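Trainee: Got a minute? I'd like a quick tour of the pockets in this one.
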Amino acid sequence: MNVGELKKLLEQYPDDMEVIQEIYSDYGMVCEGDFSVVKAVPKQGWIMRDHPTMSQENKLAAREYLCIAGN
């Protein structure tokens with residue numbers, strides 16, 4: 001999903017509906033600080049975290065993602 005698709009999805013919900021996220025066995029409120037831009041590497045259907053010991057191939061494949069904090 002990209003940011004444009006996320007915006008379109010959110011249009012179907014009322015503006016005053018509160019947003020929560022799963023946190024272990026319960027839920028927590030989503031806040032502005034839960035969003036960040038991170039560097040990561042797409043790998044065969046999953047996304048690998050950026051780290052200093054990555055191969056040169058992975059470093060070249062790294063890109064920025066909007067990340068929503070979770071568990």
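Mentor: Sure. The largest pocket has a volume of about 470 Å³. Keep in mind that this is a predicted model.

Trainee: How many residues line the largest pocket, and which lie nearest its centre?
Mentor: The lining holds 16 residues. Val38, Tyr65, Leu66, Cys67 and Ile68 lie nearest the centre.

Trainee: Which elements give two or more residues to that lining?
Mentor: α1, β3 (35-43), β4 (46-49) and β5 (63-68) do. β5 gives the most, with five residues.

Trainee: And what is the lining of the largest pocket like by class?
Mentor: Eleven residues are nonpolar, four are charged and one is polar.

Trainee: Next pocket. What volume does the second largest have?
Mentor: About 350 Å³. Its lining has 14 residues, and Leu6, Leu10, Tyr13, Val19 and Phe35 lie nearest the centre.

Trainee: Which element gives the most there?
Mentor: α1, with three residues. α1 and β1 each supply at least two. By class, that lining has eleven nonpolar, two charged and one polar residue.

Trainee: Let's switch to Tyr13. Where is it found?
Mentor: Tyr13 sits in the loop between α1 (3-10) and β1 (20-23).

Trainee: Is Tyr13 buried, exposed or partly exposed?
Mentor: Partly exposed, because its relative accessible area is 38%, and that class runs from 20% to 50%.

Trainee: Which nonpolar surface patch includes Tyr13?
Mentor: The one it forms with Met1, Leu9, Leu10 and Met17. Together they have about 530 Å² of accessible area. Leu10 and Tyr13 also lie among the residues nearest the centre of the second largest pocket.

Key. Residues numbered from 1 in each chain as written. Predicted model: local features only at pLDDT ≥ 70, side-chain atom pairs only at ≥ 80, totals over all residues. Heavy atoms only, no water. Patch = residues over 30% accessible without salt bridge, like charges linked within 9 Å, V, L, I, M, F, W, Y side chains within 5 Å. Areas by Shrake-Rupley, 256 points an atom, 1.4 Å probe, with all protein chains shown as cover. Salt bridge = Lys/Arg side-chain N within 4 Å of Asp/Glu carboxyl O. Helix = DSSP H or I, 4+ residues; strand = E, 2+ residues; numbered from the N terminus. Buried < 20%, exposed > 50% of the residue type's maximum accessible area, 1.4 Å probe, protein only. 1 Å grid on protein atoms, 1.4 Å probe; cavity = no way out; pocket = protein on both sides within 12 Å on 5 of 7 lines; lining within 4 Å. Points joined across faces, edges and corners; volume = space filled by probe spheres on them. Nonpolar A, V, L, I, M, F, W, Y, C, P; charged D, E, K, R; others polar.
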